[in-house]
Amino acid sequence: MKPLALAVTTIALAAGSASAQSFVGTLDAPNLDRWWYPFNFSAGTEPNASIFAALEQAGFDDRDAQFVIAFNTSSVIPSGLGANTYNIQFIRLRVTISNPPRFLYDPTFDSVRTSYATTDPDYLADADAGKPVEVFAAGFRNGVTAASLLESTPFSTSPSFPPQENIRSVYAASVDSEGNPLADVSNQVAQRTEAQPLAIGMTATVAAGDLVPTDTEFTFDLDLSNPATRAYIARGLDAGRIVLVVSSLHPATGGPGGGTGDPTYPSFYTKENPVASALPVEPALDLSVDTRPLIDFNGDGLFPDTADIDDLLTVFSGGACSTGTCATIDVNGDGLFPDTADIDYFLCIFSGGGGNC
């Protein structure tokens, strides 16, 4: 594995206080990437990870084959600071196609109804060719957690044969507003529910509707305007590991329900592929993150609390700090102190706004 490339800038706030830091760069290989498929009998060593659907097939999840990728971030971005302190500016997952041209590029969101059988009264014709490649948060069951997940973790604690639905230990998941994995979306077609991914895979080298060549890089710019996405990534940074799941509803062969014929789904290089590091085409994570510590403004050992706010307002008005130890500190780091922006920022942190402040 190549060394991680991440630039770090430290901004000192005040004597005796924690420092704000900016982290900009690339984690250029995952710590774990696993083809999560019930009949993968070489867990953790597969050179390629295919993603495909088994639509309307009893015993199989709709999103049958998924690609689970984990990046350990604590070696370059401090963990354990509290999720609210991570201000995420940018995050992008990159993966590279390993199979020959066999699926069509679709850069748009598709309703789940486009994957219904054409005879279904709720079927919706797809407005464009192909199916998007999507990235989701990771959900866990069977006692597996993000921290305990290994390349060798079994697909499930239940037997894979005969096939069973809803048993995989790691799955593509929706998230709630606090960033907690919520619902397993692996069977969204059978459950007739829409599922909003964190991002859709894009490439600038292929026109929509064209076949995707080998070695095409797909980028996923996570939607940070969505508070749930921001919260999920912030929780991952706080825990020191970000786990993502690349998935799609490309039928394994043919149309809904599968069928016979050539495969029409994507496959990606894993870090175990012998050419992945040399090219390089390993999964990678680009990110820009600021950490903003929770500031004990008046130095009483409690932060942030109402006493900090009272003292900040007092100092702003020209008064004296109650403890006599209030630092002249630019709370929001804009070079102006004290101003109304400092007060707004502190109140936002106090109310739990964290990375959105």
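Pro-280 sits in the loop between β14 (267-269) and β15 (284-291) of this predicted model, where strands are DSSP runs of E of at least two residues and helices are runs of H or I of at least four, both numbered from the N terminus. The peptide bond that joins Leu-279 to Pro-280 is cis, and its omega is near -15 degrees.

Residues are numbered from 1 along each chain as its sequence is written. Because the model is predicted, local features need pLDDT of at least 70 and side-chain atom pairs count only at pLDDT 80 or more, while totals for chains, interfaces and linings use all residues; side-chain values use heavy atoms, with hydrogens and water left out.

Two residues other than glycine have a positive phi, as tabulated here. Both are partly exposed, a class between buried (under 20% relative accessible area) and exposed (over 50%), with a 1.4 Å probe and protein chains only.

| Residue | Phi | Loop | Relative accessible area |
|---|---|---|---|
| Asn-142 | near 60 degrees | between β8 (134-140) and β9 (170-175) | 32% |
| Arg-192 | near 60 degrees | between α1 (188-191) and β11 (199-200) | 39% |

Helix α3 spans residues 306-316, and its buried residues are Asp-308, Ile-309, Asp-311 and Leu-312. They lie on the same side of α3, because they cover an arc of only 165 degrees around the axis, taken from the directions from the helix axis to the C-beta atoms. In an α-helix there are 3.6 residues a turn, so residues three or four places apart point the same way. The buried residues of α3 pack against α4 (340-350), with contact meaning heavy atoms within 4.5 Å. Gly-318, just after α3, has a positive phi of about 95 degrees.
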